[in-house]
Amino acid sequence: MNTIRKKVLALSMAAALTLGCTSTAWAADSRLDYSNDGSDASNGRYVKVTDADSTWSTSYYQWNGENDADGKSGFAVDFSEEQKSSFLNIEFDLRFGQEGGGFELREADKNRDRMYGGDPAIQASVTDGKLVLQRVSGGAEVAIDPAAWYHVTIRGYSLGDQTAGNSYYSLYLQSYQDGVLTGERQTFAEGFASRSNKAKPDRLVFTGDASADNIHVTEVPVSSVRLNAEEDKTEITAGEMLQLTGTALTEYNEPMPDAVTYALSGSTDDKVHINDTGLLTSDADAADQTVTVTATSGGVTSDELKITVNASDDPVNPGEDNSKPEPGDPFDKEHSDWLQGSTYFYDNCAAEDRTGALLIKDGQSPNGTPYYRTDPSNSSDTLFEFNWGRELSSFTVWQADIRFETDGAGFTLRNKSGTSGNFNTHLYRSGTTLAVEKGASYDANVDADTWYQITLRGTYGVDDGQVDLYVQAYDSNGQLTGEIQKFENIYRRNDRATNRMVIDKGVSIDNVRVYEVAPSEVKLSAEGDKTEIPAASTLQFTGKLFTAKGEAMPSSSSAFMYELYQDGEKIFPDDISIGEDGLLTVLGSTSEQTITVRATSKTDAALYDEWDVHITPVEMLQIQTIGFNEEYTRLVNLSGTMNYVPDEDLAFVIAVYDQNGALKDSHAKQLSAEEADVGEFTVNVNWDLPADFDQGQDQIRIYIWTR
């Protein structure tokens, strides 16, 4: 197969598959040319047909009649797994053949011999002489000639994350006549969703007795970025938030899944911010100003969006000249416990009612500001919620001042909107105590008239996650009183990354904070807590991140940079290395020494931990037996144990000495590095010993030489 140019996906067809000449209805920058050199595919459930009946009179491929592991027909082309979530342009020439012939775009099963085992994104086949796209309504009716060739184009993506907007596809069709594309390209369907919301396709399957040729899969680059504001707002009041959304687009304005970053400039007092989800926030005391926001994806930046912030008539500056203090918080708000730009803070001087809740201005909240109360008699399924814009799976703090006014009142952390989707922790009042739905009740007494500060700290949606609950009551003066009650590892139920707090009926709530916690410490450990290993071995190191309070944070190997040090200096030895996954590898030729392994956080170079390892040398091999013939006239072989494979060839020099130490004779036997292997070995020598060899008096010495 030819070398693939930049931004193009590698294709494989269970073995080497030579694809036909190019034919494309799209721009040249998304083209991929494969030459057809006429070679046969070496295996797989397809055959190369050489009747010159393809669109370009070249060889083409069709099913060879053998079924897959599930007894199903067809053949498949796999493309690069690394680009499964990219926006792709997929083109191929197809002859549908008999009824039922067609194609499917799907994710390959772990057992790749199961052709249809993975989740499908697109399933199209001929039914009653027409092309049918399964579970897609509104597609054009296209009559199919089973003997004709068609050029099929699929454009789009599927992220496989089971959320709305995770996929987008369009399908186009154009017919051939005498090897030339004729007529208009037909839009069969545009902007439809993946057949399965779990599919991340990397396989193209041709079904029935369909024939295929000229298959091309290309990654489409970002052409432009669109930036919109929620409800097209361009003006807010200080203390308010505004959700902005950037979307990467193709040259045909198709939405792309590529990540978008946001940038804000022009804040005159640094009190207007934007986080990495596009949530623009302004401090309550922000001055009049106009800021500029842009969104960037794939090196392409959107047009500027101007947002005007108007100063508030009644700004609230928590902790500064207020009639009541800032709502208490038992946790340190130093930089070590905040991630800048990733904070959601509900402004406690809101000015209007919201869906599902009334704004109350009776001065009864802990700091005397307006607060929200949900109607306990509300029969609507539309509940009041706080939405911080994205699903958080990092170490996060969720905090609010709450008054549980009715039995069963509380809140739920969810990863979808409103009452739909999966929910995680549902915390509520059960009688006079707090409880978690499907979980435990906690020895925290609560009543209907008292405000409580409720704090959850931890992670949802990660392996080995944990969330702890903290409860503390306010007194009538808005001061936190009594001991903080802590309840560890509360029930997380569905344990999905959460993006909102949904408030039950009969709750008063104020001062909602949601913020991600920055790591404050790195702890490095070695497998088995080893501090000494022999040469010719490996040792797995694992770095973990912790908060300033010693709480474990989600930590993958990719979060750290692993390096080697010696006497305080970074080293790059040839015989010792450590991979990105923290695996230390020591070659057998390594001499005795002590090294230091350092794991450094990739987000903060000041956070690292070290571990000293002493390396002991090992002999390359031990010779344990020497084999002779029965007459002791020939040395037949040498046997022993190889501790590590040498980098170069070995030479065994065998020397015979008499009882006085005089050399009688010697012989050399070479062992190539390719022949050597760790473990037991035998080297055939077959050397005739000196004629006067005396097995009782003479001595045999074996020397091992390398370069």
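This is a guided tour of the structure, stop by stop, for a reader with a viewer open.

**The whole chain**

Begin with the full protein in cartoon representation, bearing in mind that the model is predicted. The secondary structure comes to 51 strands and zero helices, and the chain has 707 residues, of which 47% are buried. If you switch on the surface, the protein exposes about 33,200 Å², and carbon and sulfur atoms supply 42% of that area. Contacts that reach across the sequence can be followed as you go: among those between residues at least 6 apart, 65% join residues at least 24 apart.

**An aromatic cluster**

Next, select Phe75, Phe92, Phe103 and Phe206 and show their side chains, since these residues form one aromatic cluster. The protein has 13 aromatic pairs in the count. One of them is made by Phe92 and Phe206, whose rings are edge-to-face, with 5.3 Å from centre to centre and 85 degrees between the planes. Colour strand β5 (residues 88–95), where Phe92 lies, and strand β12 (residues 203–207), where Phe206 lies; the pair therefore ties together parts that are 114 residues apart in sequence. Are these two rings buried or exposed? Phe92 counts as buried because its relative accessibility is 0%, and Phe206 is likewise buried, with a relative accessible area of 0%.

**Ser167 and its surroundings**

Now select Ser167, which is found in strand β10 (residues 167–177). Its relative accessibility is 12%, and because buried means under 20%, Ser167 counts as buried. Which backbone atom does the side chain of Ser167 reach? Display the backbone nitrogen of Ser194, which the side chain of Ser167 reaches at 2.8 Å. To see the wider setting, add Tyr157, Ser158 and Ala193 to the selection, since Ser167 is in contact with these residues as well as with Ser194, leaving aside its neighbours within four places in sequence.

**The hairpin of β33 and β34**

Move on to residues 467–474, which make up strand β33, and residues 480–487, which make up strand β34; the two pair in the antiparallel sense over five bridges. Show Leu469, and then Phe487 in β34, which stands opposite Leu469. The hairpin has five residues between its strands, and if you centre the view on Gly478 you will find that this glycine takes a positive phi near 80 degrees.

**Strand β45 and two partners**

The next selection is strand β45 (residues 608–616), together with strand β38 (residues 532–534), to which β45 is paired in the parallel sense over three bridges. Within this pairing, Pro534 has Thr616 of β45 as its bridge partner. Add strand β44 (residues 593–601), which runs antiparallel to β45 and is joined to β45 by eight bridges. Here the residue to label is Ala599, whose bridge partner in β45 is Asp609. Following the chain from β44 to β45 takes you through a hairpin of six residues.

**A sheet in the order β46-β47-β50**

Further along, select the open sheet of three strands in the order β46-β47-β50, where the pairing is antiparallel. The edges are held by β46 (621–628) and β50 (679–688), and each has a single partner strand, so one side of each is left without a neighbour in the sheet. Viewed from strand to strand, the twist averages 20 degrees. Strand β47 (residues 634–642) pairs with β50 over eight bridges in the antiparallel sense, and Leu638 can be shown with Val683 in β50, its bridge partner.

**A sheet in the order β49-β48-β51**

Finish with another open sheet, in which three strands follow the order β49-β48-β51 with antiparallel pairing. At its edges stand β49 (663–671) and β51 (699–705), each with a single partner strand, so one side of each lacks a neighbour in the sheet. In this sheet the twist from one strand to the next averages 20 degrees. Select strand β48 (residues 650–657) with β51 to see an antiparallel pairing over seven bridges, and then show the side chains of Phe652 and of Ile704 in β51, which stand opposite each other.

Terms used: Residues numbered from 1 in each chain as written. Predicted model: local features only at pLDDT ≥ 70, side-chain atom pairs only at ≥ 80, totals over all residues. Heavy atoms only, no water. Helix = DSSP H or I, 4+ residues; strand = E, 2+ residues; numbered from the N terminus. Buried < 20%, exposed > 50% of the residue type's maximum accessible area, 1.4 Å probe, protein only. Contact = heavy atoms within 4.5 Å. Areas by Shrake-Rupley, 256 points an atom, 1.4 Å probe, with all protein chains shown as cover. Pairing = 2+ DSSP bridges. Axes fitted to C-alpha atoms, helices over the stretch in contact; angles between N-to-C directions. Polar contact = N/O pair within 3.5 Å; in protein donor to acceptor, adjacent residues only side chain to side chain. Phe/Tyr/Trp six-rings, centres within 6.5 Å; stacked < 30°, edge-to-face > 60°.
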